[in-house]
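The exercises below are meant to be worked with the sequence and the model open side by side. Each one sets a task and then goes through a solution step by step.

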Amino acid sequence: MNARKSSSAVVAEDVSKVFFSGQDPVWALEDFSLTLEPGSFTCIVGPSGCGKSTFLRILGGLEERTVGTVTMPDDGQQIPAAFVFQEHGVFPWMTVLDNIGFGLRMSGLKKAERTEIARDWLSRVRLDDFADAYPHQLSGGMRQRVAIARAFATGSPLLLMDEPLGALDAQTRMLMQEELIALWEQERKTVLMVTHDIDEAIILSDRVIVMSGRPGTLREDITVPFERPRTFDIERTPEFSELRSRIWNLLREDALTAEENA
Amino acid sequence: MSTTSTSLQGDREQRTLVAATAQRARERSLATRDLVLSISTPILLLVLWELSARYQIIDPRFFPPPSQIVTAGYEMILDGELWMHTAPTLMRLFVGGGLGAISGIVVGLLMGSSRALNAALGPLFSALYPLPKIAIFPILLMIFGPTETPKIIAVFITTFFIMQINTVSGVWAIDRKLLEAGAAYGAKGFDRFRFVVLPGAMPFVFSGLKTATGTAVVVVTAVEFTGATTTGLGYLIWNSWQLFIPEKLYVGLVVIGVIGAIVTTLLSRSEKLLLPWRRER
């Protein structure tokens, strides 16, 4: 195992995000606090529009918070975190290998070094034969593997994933969940992932954050008890079903409201 | 029994393969037919033209038969007249169009990347764009006199505006996710420009170049019509009309058409070569 744990945690305190829709202020996020332990895998679930993606984007530096403080692990990285987007996040004009090595290139790594790391990640996501292919020649699942490899390849201790598997079909999605668990268990990076899928959240994470509807606040912080390394077998346990219905009950009402107000 | 079932299975496989081969053969013969049709239709029309002109079904004074046009063109090549007119047109087209394209792309990229620059220049350029460029040609003639400069500038302005507008649209059409991905992975300043904005805008740049080629050919011809010159394919066409030599008029027309077609084809080829990520779309 070549896990490099970073010592400092990610701490967000009382983060709020307010934007204006016409004259009216919209509270996307209200006094949201969260601490991510180094090397932990955390999933955020919540109804549509609860600001979970907004929070992720604030951490990743893609959006500005209105108020609140965010402390990121300071370890000399060029970027605050490596981001994985839901879809269309890989550059269509770069080959698979160039996409994976993009973050390294931006941080100024020499070609030989970054190619070596990118090649390593290429084979870890089983795309060796596609090094020189362009994203449009790949399937949706393969493209997301590129996006995930690009994030891991940066070496950033923090990975932010915004519904990385959300656009995939159900079967591809399950295969990708397995791969993601395996990759993460080898690397033990700090991961914060937004998802709609309760099962996915339980299978992947150490901790599930349930958010309330707009304005997004923390509703419940649930520790997932399953041992690692994990397989899909945990889905057949009574604890799994219990956890799933507990989360669903927390979400159900807000999801209903969000749906009706949509 | 197992041998019979295997042979039955093999038999079925054989029949399926034969059917698949037949399907493929049908598809191929259709493709051949399409190719034959696309080539034979223009040839057929030319033959029809030739015959109707010879038998006076259409007036050969206005529509001289293609064979006469070819003969006239051949004679013009031999006595150098054709090149005398083609060379200046090409020069105006490539110097004016080349400079116009480069500056249009550069300005478009800058405007697409800088909010302030776009605010300053966007409305102005939008107001100027629909002005018929040929209408300002007299002003250019007044300033520069009957030299090459006003002709080149007319082509330059035409190309510049088309390229500037297309490039700005190209930058704006880049998927927000990709710009964010660039930012998330630390692409700032020139890196952002080189790895994200420029390649992202390229498809629009190429479609702009193709549009600009067509318009630049129109403008160069029109400028040469004006009598501000005694060279160029536009002059050849105009002069042939005044002297009533329809064959030469058609030769000029064909050469201009061929120039446009060659440039457009070259652009399509280089697009395929330079943007391999757009292939198979």
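## Exercise 1: The interface of chain A and chain B

In this predicted model, about 2200 Å² is buried between chain A and chain B, and carbon and sulfur atoms give 66% of that area.

Task: Establish which residues and elements make up the side of chain A that touches chain B, and how many salt bridges and polar contacts are counted across the interface.

Solution.

Step 1. Begin with the contacts, where 26 residues of chain A meet 24 residues of chain B. Of the area that chain A buries against chain B, 32% is supplied by Trp93(A), Met106(A) and His136(A), which is more than any other three residues supply.

Step 2. Turn to the polar side of the interface, where 4 residue pairs are in polar contact, both residues of each pair being at pLDDT 80 or more. The elements of chain A that give two or more residues to this side are strand E5 (82-84), helix H3 (102-106) and helix H5 (140-153), and H3(A) gives the most, with 4 residues. Sorted by class, the side of chain A that touches chain B has 16 nonpolar, 6 polar and 4 charged residues.

Step 3. Between chain A and chain B the count is 1 salt bridge, and the side chains of Arg57(A) and Glu180(B) meet in a salt bridge with an N to O distance of 2.5 Å.

## Exercise 2: The two domains of chain B

Task: Describe how domain 1 and domain 2 of chain B meet, and state how many salt bridges are found across their interface.

Solution.

Step 1. Take the bounds from the domain assignment, which gives domain 1 (1-63) and domain 2 (66-278) of chain B; their centres, taken over C-alpha atoms, are separated by 38 Å.

Step 2. Across this boundary, 7 residues of domain 1 of chain B are in contact with 6 residues of domain 2 of chain B, and the two domains bury about 560 Å² between them, with 64% of it on carbon and sulfur atoms.

Step 3. The rule finds 0 salt bridges across the interface of the two domains of chain B, but it finds 3 residue pairs in polar contact, both at pLDDT 80 or more. On the side of domain 1 of chain B that touches domain 2 of chain B, there are 4 nonpolar, no polar and 3 charged residues.

## Exercise 3: Salt bridges within chain A

Task: For salt bridges of chain A, including the one between Arg124(A) and Glu187(A), locate the partners and decide whether they are buried or partly exposed.

Solution.

Step 1. Over all chains the count comes to 21 salt bridges. One of them joins the side chains of Arg124(A) and Glu187(A), at 3.1 Å from N to O. Arg124(A) lies in helix H4 (residues 111-124) and Glu187(A) in helix H6 (residues 170-187) of chain A, so the pair ties together parts that are 63 residues apart in sequence. Arg124(A) is partly exposed at 22% relative accessibility, whereas Glu187(A), at 5%, is buried.

Step 2. Asp221(A) forms a salt bridge with Arg207(A), in which the closest N and O atoms are 2.8 Å apart. This pair links strand E9 of chain A, which holds Asp221(A), to strand E8 of chain A, which holds Arg207(A), the two residues being 14 residues apart. Asp221(A) counts as partly exposed at 35% relative accessibility, while Arg207(A) is buried at 18%.

Step 3. Finally, follow shared partners: salt bridges join Lys17(A), Arg57(A), Glu63(A), Arg176(B) and Glu180(B) into one network.

Key: Residues numbered from 1 in each chain as written. Chains lettered and ligands numbered in written order. Predicted model: local features only at pLDDT ≥ 70, side-chain atom pairs only at ≥ 80, totals over all residues. Heavy atoms only, no water. Contact = heavy atoms within 4.5 Å. Buried area = accessible area lost by both parts, 1.4 Å probe. Salt bridge = Lys/Arg side-chain N within 4 Å of Asp/Glu carboxyl O. Polar contact = N/O pair within 3.5 Å; in protein donor to acceptor, adjacent residues only side chain to side chain. Nonpolar A, V, L, I, M, F, W, Y, C, P; charged D, E, K, R; others polar. Domains from an automatic or database assignment. Buried < 20%, exposed > 50% of the residue type's maximum accessible area, 1.4 Å probe, protein only.
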